[in-house]
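Me: I am new to this structure. Please take me closely through one part of it, the sheet and what surrounds it.

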Amino acid sequence: MMIRYAYSKLAAAAALLPLAAPVRADSGWGLLNMTPGVTDISRKIYALHMEVFWICVGIGVVVFGWMIWSLIAFRKSKGAVADTSLVHNTKIEILWTAIPVFILIAMAVPAARTLVDIEDTRNTELTIKVTGFQWGWNYDYLDDGVNYFSRLDRASDAARQLLSGIDPTTVPNYLLSVDHPLVVPAGVKVRLLITGADVIHSWWVPAFGLKKDAIPGFINELWFRVDPDKTGLYRGQCVELCGRDHGFMPIVVDVRSKADFSAWLKATAAEQKQAAANAPAATPAAG
Ligand SMILES: [Cu+2]
């Protein structure tokens, strides 16, 4: 009885923590670091992160090494006497101003370059409008007549209901799966125009190194180009607290080869056209 009670408590807690809930099969030191991701931008961000990381390691080793060596070499038991006359040393002061300035410049130059690249939405080949709403996403392929909603998948939705009796750990990709993923081609510069329909949401896919707020009345831009060999599913979430079901509007991007994508786009456009033609003519003005 006790165990069952504890277990249901645990399951309830797991439901509240969508990111912490899935038990990860992979483990090890590699999980502690950021991943390089699958886009041009994500790799640049990863490189910046590693550069800054190694600078920090270098500073740590020098500063703590020097400190520990000083403590040991100039200890009282060895007869060290404190130099109370030292109040000023111009050479040292110039050095400890100049070195940090050089380090900051070494970090700022590549960081600024990457920021400029992130904002460079020229020469994109495909534009998709992304609208966040309470609680899901709408994807509109502006030039191709394809438009659909993407919501939390049914299995996750059933399991997340209070007292559903469904163990969330039995649901694959619990709270990280949708009914209709965003489909994009690999190796193509894709531009997203991101906005919100009701409140502020935020579109985030970590493997792409991208996150952009979806704000009603504003259109934010972002772009990505997934490596041609990195087709597959990539998952993300809304990362702006947007109301009751904020934790239940995940993002899934289905990256396909160019040929697969074109076939999908054509078929979906035809399907949607057919569906619109078959729909009862209740709103004649809409055509
Ligand atoms: Cu949201």
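Reply: Start with the open sheet. This model is predicted. The sheet has five strands, in the order β4-β10-β9-β6-β7, and its pairing is mixed. Strands β4 and β7 (210-214) stand at the edges. Each has a single partner strand, so one side of each is left without a neighbour in the sheet. From one strand to the next, the twist averages 25°.

Now look at one pair of strands. In general, the strands of a sheet pair through backbone hydrogen bonds, either parallel or antiparallel. Strand β9 (residues 232-238) and β10 take the antiparallel sense, over five bridges. Arg-235 stands opposite Val-252 in β10.

A helix joins the picture. Helix α5 (residues 258-278) packs on the sheet and touches β4 and β10. The direction of α5 makes about 135° with that of β4.

Next comes the core. Nonpolar side chains tend to be buried together in soluble globular proteins. Here the largest nonpolar core holds 36 residues. Six of them touch the most other members: Val-130, Val-184, Val-205, Phe-208, Phe-224 and Val-253. Strand β10 (residues 251-256) gives the most to this core, with four residues.

Take Phe-208 from that group. Which residues is Phe-208 in contact with, leaving aside its neighbours within four places in sequence? They are Gly-37, Val-38, Thr-39, Ser-42, Phe-224 and Tyr-234. Phe-224 is another of the six core residues just named.

Follow the chain into the loop between α4 (154-160) and β4 (182-185). Most residues other than glycine have a negative phi, and most peptide bonds are trans. Leu-163, in this loop, has a positive phi, near 60°. Leu-175 lies in the loop between α4 and β4 as well. Its phi is also positive, near 65°.

Is each of these two leucines buried or exposed? Leu-163 counts as exposed because 7 other C-beta atoms lie within 10 Å, and the cut-off for exposed is 12 or fewer. Leu-175 counts as buried because 25 other C-beta atoms lie within 10 Å, and the cut-off for buried is 20 or more.

One more backbone feature is worth a look. A cis peptide bond joins Gln-134 and Trp-135, with omega about 5°. Trp-135 sits in the loop between β1 (126-133) and β2 (136-141).

Conventions. Residues numbered from 1 in each chain as written. Predicted model: local features only at pLDDT ≥ 70, side-chain atom pairs only at ≥ 80, totals over all residues. Core = buried A, V, L, I, M, F, W, Y, C linked by C-beta atoms within 7 Å. Helix = DSSP H or I, 4+ residues; strand = E, 2+ residues; numbered from the N terminus. Contact = placed C-beta atoms within 7 Å. Pairing = 2+ DSSP bridges. Axes fitted to C-alpha atoms, helices over the stretch in contact; angles between N-to-C directions.
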